[in-house]
Amino acid sequence: MSLQDDNIADHASDLDTASALQKGDDASAETFVRENIRWMVHTAERILKERSAAEDSVQAAFVKIFRSLDSFRGESSLRTWMRRIVVNQALMVLRKQERLRETSIEPLLPSFDGNGCRLDETWLVKDTPESLLASAQISQAVMTAIDKLPDAYRLVLLLRDIEEYSTSQVAHLLELSESNVKVRLHRARAALKKLLDPVLAGEISQ
Amino acid sequence: MTRSNSLRRRLHGRMFSLPGMITCNEFEDFILAYLDDELPRSKRRVFDWHIRLCKECREYLAAYIASLELTKKALATDEAASLPDVPDDLVTAVMEARKAS
Ligand SMILES: [Zn+2]
């Protein structure tokens, strides 16, 4: 679901949807909730790694969405707008749980000798992501690897690489400096690479 | 770590400390800006030069990019394929919260 997939023509009909919902009855509101609740729970759960907290965030997000439908201007798709609200709610929970404090990621980072030369073994990547993803085992390995990252790094990667927020938006959301976001993003990617090395090197076969 | 590896590293270490060159460690620090196309031209030149000379960094960067692509694709596929069932009691709770607010 790339945020860049949005196109302007869709947003006009999204504006109609939003204003219909504002005037609409309970039945149409419930249809709207049912149509969207699954991907919203999924999004929140990916951030929180916890179902019940994810459901709480989604409930709070819906309250906010219904309350602020009149502020939806169609600058993005309705779905993107809603997605940002869910992400925000989930981040508030994370912050309350104090899970965003920095913890060590050092063991997962590349190492260098005294001359600054790379120490870790490297190899040639042969498989494409497409061919690797044909295996359910490998998709599962990716999910497991992401969840192994410390939250402070995992979140930066999820927000910038997956949810496609800009560096400055991530900095704002996580209350970090932009340079800190960049450092964490690179470390998160490097750590993820190390965790996925066996997959990429073809040691976990399809 | 084999003997030939450590010899090559020693030679690399010398070479990469020459003017106009960067070490693997510095290369590592430039990766993010390189991929975001935010490296100034002079740094981009030394970065590209290092890729050509250093097999380790060349392979490392390829694996770094592949791992990122794999992750993005895996998460997009996961979102399309494994959405949770509609949680009915949550729908009810949302509708009640809507009325209350
Ligand atoms: Zn190198």
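A donor, in the sense used here, is an N, O or S atom within 2.8 Å of the metal (3.2 Å for Na, K and Ca), and because water is not among the atoms, sites may look incomplete. With that in hand, let's start at the zinc ion, whose donor residues follow the spacing C-x25-H-x3-C-x2-C in sequence. Before going further, please note that this is a predicted model, in which local features need pLDDT of at least 70 and side-chain atom pairs count only at pLDDT 80 or more, while totals for chains, interfaces and linings use all residues. Residues are numbered from 1 along each chain as its sequence is written, chains are lettered from A and ligands numbered from 1 in the order in which they are written, and side-chain values use heavy atoms, with hydrogens and water left out.

Which residues hold the zinc ion? Cys24(B), Cys54(B) and Cys57(B) each coordinate it through SG, and His50(B) does so through NE2, at 2.1 to 2.4 Å. The angles subtended by the four donor atoms run from 99 to 114°, so the arrangement is tetrahedral; for four donors, that label requires all angles to lie between 85 and 135 degrees. Two of these residues can also be described by their accessibility, where buried means under 20% relative accessible area, exposed over 50%, and partly exposed in between (1.4 Å probe, protein chains only). His50(B) counts as buried because its relative accessibility is 2%, and Cys54(B) is buried too, at 0%.

Staying in chain B, you can find Leu7(B) in helix α1. Helices here are DSSP runs (H or I, at least four residues), as are strands (E, at least two), and both are numbered from the N terminus. Leu7(B) has a relative accessible area of 47%, which makes it partly exposed. Its C-alpha atom is 28 Å from that of Ile65(B), a residue 58 positions away along the chain.

Now let's see how the two chains meet. In terms of contact, meaning heavy atoms within 4.5 Å, 52 residues of chain B touch 59 residues of chain A. The size of an interface is often given as the accessible area lost when the parts come together. Here the two chains bury about 5200 Å² between them, with 66% of it on carbon and sulfur atoms; this is the area (1.4 Å probe) lost on being put together, summed over both parts. On the chain B side, Leu70(B), Glu79(B) and Arg98(B) lose the most area to chain A, together 13% of what that side buries.

Charged side chains take part as well. A salt bridge is a side-chain nitrogen of Lys or Arg within 4 Å of a carboxyl oxygen of Asp or Glu, and there are eleven between chain B and chain A. One of the salt bridges joins Glu28(B) to Arg118(A), at 3.0 Å from N to O. Which helices of chain B supply at least two residues each to the side that touches chain A? They are α1 (3–16), α2 (24–35), α4 (55–81) and α5 (88–100). The largest share, 21 residues, comes from α4(B).

Finally, cross over to chain A, which has nine helices and zero strands. Its C-alpha trace spans about 65 × 35 × 35 Å along the principal axes, and 51% of its 206 residues are buried. Gln89(A), in helix α4 (residues 78–96) of chain A, counts as buried because its relative accessibility is 10%. Leaving aside residues up to four places away in sequence, Gln89(A) touches Ser57(A), Ala60(A), Ala61(A) and Lys64(A).

Conventions: Four donors count as tetrahedral if all angles lie between 85 and 135 degrees; four count as square planar and six as octahedral if opposite donors are over 155 degrees apart and all others between 65 and 115; anything else is irregular.
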